[in-house]
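Colleague: Please take a close look at one part of this model, and then connect it to what lies elsewhere in the chain. I would like the reasoning spelled out wherever there is some.

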Amino acid sequence: RSPLAAVDSRVHEVLLKQVRQERTTLKLIASENFASSAVLEATGSIFTNKYAEGYPGARYYTGNEIVDELENLAIERLKALFGCEHANVQPYSGSPANQAIYRALLSPGDKVMGLPLPEGGHLTHGWSVNFSGSDYQRVPYGLHENTQQIDYDRLRDTANRERPKLIWVGATAYPRVFDYAAMAEIALEVNSYLAADIAHISGLIVAGGHPNPVGHCDVVGSTSHKSIRGPRGGFILSRNEDRHQALHHPKNQHNLAKRIDRAVFPLLQGGPHINIIAGLAVALEEASHPALRVYGQQIVKNAKALAQALLERGYELVTGGTDNHMLILDLRDRPLSGKAYAERLAKAGIITNFNMVPGDPRDPAVTSGIRLGTPAVTSKGMRQGEMVQIAAFIDLICREPADPDVHASVRKDVADFCAAFDVPGITDR
Ligand code: PLP
């Protein structure tokens, strides 16, 4: 018996249920993935016990030389993978990373431009119920009505009119590539900071499956647990020097890297989660291998294959397809809401999330869309052929959403289909 089984049979049972679910279902949530057993081992290690407020070489606790070695390793690996000057690996997750970016660059009340949530932006890009929308003035930019892609011309006009201090480029539900060069040009024109949020696409960037914002942006925030397959956490990449020092921080604040570090600790956080930094370091080592390149590119090939198969079955997709790891089914012309379809798909073992689509007439609590992502099924070893089968499963459920017999039979077929694939972190030991 494992220590967990011996000490706490209830939690152990729940864990086993989750393991069974992961083995027998299709995880199509675009923001989820499977961390490897090596990453899980480091994340669940004795580093969870350490307190290490501060940064390598400057801690508020003694006995942290080994932790310094670990944190420096994670930092150096990030800098090498993304080609950036500075990296902070302490943010507890993606939202805290973004919060630190705000605090390092802006004062409360400053203007921030971002993609609104209903069009694919994240809560932290200036949405009303989030600190980013209440503490700062939000200036939304949007999608082109016809293409449903970012309207860079309109964005430029809005930026020139509004003169924001920060522009975000990044999203949580946007299936196309970001034009960082165009965004950098606009930011330069209006003398604004440019921050990229690569939470979803960090693994694709390392794999060469999406352009790298480093070099175009002042700051880059990310989670570490999505396409890059690390533990649940966040990181920030930045330049060392602030290009905007004279304008925004006239008093001795020209070192952007230091401002980011101080915003993370001590302004917003206390002790870093050293076990998470250990897991991140391992994920970054894995990401430096050629296999990650193949994996990241396969994610995109799979998303395109799934999109194509769904289009052939008559489904509408936001922007008409995908360039990255996700696609958004537009179900506005269907009888049920996105939520209702997502719940029925889940009954059949197809795990997704419901999502707003541009111009969605339904409430955000139900929506008219479903977001699908391929990072997790790609981690299981699935390829384009499997995507065609997954599209067939989805279609069966969406065509017969009220028939419990169909749900049950697809549930069984999905479980049989999944049985042929390893589940990283569970069967890769
Ligand atoms: N940024 C983007 C683009 C995201 O999609 C997410 C999460 O989904 C976050 C930030 C926030 O990450 P977390 O939920 O870990 O705080």
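Modeller: Angles here run from 0 to 180 degrees between N-to-C directions, along axes fitted to C-alpha atoms, and for helices over the stretch in contact. With that convention, and bearing in mind that this is a predicted model, helix α7 (residues 152-162) lies across β5, β6 and β7 (166-170), and runs at about 175° to β5. The part I would look at closely is the sheet to which these strands belong, an open one of seven strands with mixed pairing, in the order β4-β10-β9-β8-β7-β5-β6. Its edge strands are β4 (86-88) and β6 (137-140), each of which pairs on one side only. Direction ignored, neighbouring strands of this sheet are turned against each other by 20° on average. At the β6 end, strand β5 (residues 111-114) and β6 pair in the parallel sense over four bridges, and M113 stands opposite V139 in β6.

For contrast, there is also an open sheet of four strands, ordered β11-β12-β15-β14, in which the pairing is antiparallel. Here β11 (316-317) and β14 (353-355) stand at the edges with a single partner strand each, so one side of each is left without a neighbour in the sheet. Helix α13 (residues 290-312) packs on this sheet and touches β11, β12 (326-330) and β15, its direction making about 20° with that of β12. Between β14 and strand β15 (residues 369-373) there are three bridges in the antiparallel sense, with N355 opposite G369 in β15. Helix α14 (residues 338-347) lies across β14 and β15, and runs at about 165° to β14.

Turning to the ligand, 14 residues surround it, and the closest are S93, G94, S95, T172 and A199. Helix α5 (residues 94-105) supplies the largest share of this shell, three residues. By character, the shell divides into two nonpolar residues, 11 polar and one charged.

Helix α2 (residues 9-24) allows a simple check on its geometry: at 1.5 Å a residue, its 16 residues should span 22 Å, and its end C-alpha atoms are 22 Å apart, which agrees. The number of buried residues among those 16 is zero, so α2 lies largely in the open. Further along the chain, D403 sits in the loop between α16 (384-399) and α17 (404-419). Because 14 other C-beta atoms lie within 10 Å, D403 counts as partly exposed. From C-alpha to C-alpha, D403 and V214 are 49 Å apart in space, and they are 189 residues apart in sequence.

Methods: Residues numbered from 1 in each chain as written. Predicted model: local features only at pLDDT ≥ 70, side-chain atom pairs only at ≥ 80, totals over all residues. Helix = DSSP H or I, 4+ residues; strand = E, 2+ residues; numbered from the N terminus. Expected span 1.5 Å × (residues − 1). Buried ≥ 20, exposed ≤ 12 C-beta atoms within 10 Å, placed from the backbone. Pairing = 2+ DSSP bridges. Contact = placed C-beta atoms within 7 Å. Near = placed C-beta within 6 Å. Nonpolar A, V, L, I, M, F, W, Y, C, P; charged D, E, K, R; others polar.
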